[in-house]
Amino acid sequence: MTEKELDYEVIEINTAEIRVPHNSYQRNLSVTRARRIAANFDERIANKPKVSYRDGQFYVFDGQHTIAARRLRNNGEDLPVACKVYYGLTEQDEALLFAQQFGFSDVLTAGAKIRALIYGKDPEALAFLEATESVGLHLDYTQSLGENRIGCISTAFRAFQRVGKESYTEALSILMEAWHGEPHSLRGETVRAMIEFVDLYKGEFSRDRLVAKLQMVDPLTIYRKGQAMGVNMAGYKKYLYQVYAIYNGSSKKSALPLKF
């Protein structure tokens, strides 16, 4: 859905009439961000808020912080603001457009973006949510560490897109069986390392052996030992190596070959 395909017009709307759909796809207003925008506001380059006219109401789906900044610059009082008003959008359409925004003043977090895509019923995002919840985990849109919560949403979603549902769910189920949703076992580094290992050694490793070996170590082992490698191995591979080393142990008979 591109802007050229949408029916819109630029009109002035009093900010008192503009609704923010916080209960569905919009994130909460950040007063700090609004104040930062207000302090550096330049009318010559300011973007017009994008608003959907739906069910007799105006709903902002891109620009709530710009609207708040304008009110701050007006001593906290409502005022007329020129907006791009779109017609014929459903709330799901708004959510998908919200997820696609690239505003310079307030870049979307991965959590906010995936939440909006899910609300907008994006097929890939819904499949990602279903796969995550199928193993007893939940997406944490605030992207915090927590029991049974995936906070590394961007890392997990990219891995899901790359390896597919089978390897993704297998990796998460192994983490769950080994450490029962312990927060540090769900760090981004560990989640990606496990997904990469499962996908790379698919059909070659013993699931039971891997779970048993993981249960013998602290959930932070993968992260700590990976960090200790410094620049000796690039990026995610130093965490993948920790899973590989835990699996192999001192066994020569059951050892997997190094493939990365």
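Histidine 180 lies in the loop between helix 7 and helix 8 (188-200), where helices (H or I, at least four residues) and strands (E, at least two) are DSSP runs numbered from the N terminus. Although histidine 180 is not a glycine, its phi is positive, at about 55 degrees. It counts as exposed because its relative accessibility is 58%; exposed means over 50% relative accessible area, buried under 20%, and partly exposed in between (1.4 Å probe, protein chains only).

A word on what you're looking at: this is a predicted model, where local features need pLDDT of at least 70, side-chain atom pairs count only at pLDDT 80 or more, and totals for chains, interfaces and linings use all residues. Residues are numbered from 1 along each chain as its sequence is written, and side-chain values use heavy atoms, with hydrogens and water left out.

How sure is the predictor? pLDDT is its confidence in each residue, from 0 to 100. The chain averages 91, and 95% of the residues score at least 70. Helix 7 (residues 165-179) has the highest confidence, at 98, and helix 1 (residues 31-39) the lowest, at a mean of 89.

Now the whole chain. You'll find 11 helices and seven strands here. The C-alpha trace spans about 75 × 35 × 30 Å along its principal axes. The radius of gyration is 23 Å, while a compact globule of 260 residues would have one near 18 Å; it is taken over C-alpha atoms, and the globule rule is 2.2 Å times the number of residues to the power 0.38. Buried residues make up 46% of the 260.

Back to single residues, here are three that sit in loops.

| Residue | Loop between | Relative accessibility |
|---|---|---|
| Aspartate 55 | strand 3 (50-54) and strand 4 (57-62) | 71%, exposed |
| Valine 135 | helix 5 (123-133) and strand 6 (138-139) | 17%, buried |
| Histidine 180 | helix 7 and helix 8 (188-200) | 58%, exposed |

Aspartate 55 also has a positive phi of about 55 degrees without being a glycine.

What does valine 135 touch? Leaving aside neighbours within four places in sequence, valine 135 is in contact with Thr169, Leu172, Ser173 and Met176, contact meaning heavy atoms within 4.5 Å. Valine 60, on the other hand, is 75 residues from valine 135 in sequence and 36 Å from it in space, C-alpha to C-alpha. Across the chain, 72% of the contacts with a separation of 6 or more are between residues 24 or more positions apart.

Methods: pLDDT = per-residue confidence, 0-100.
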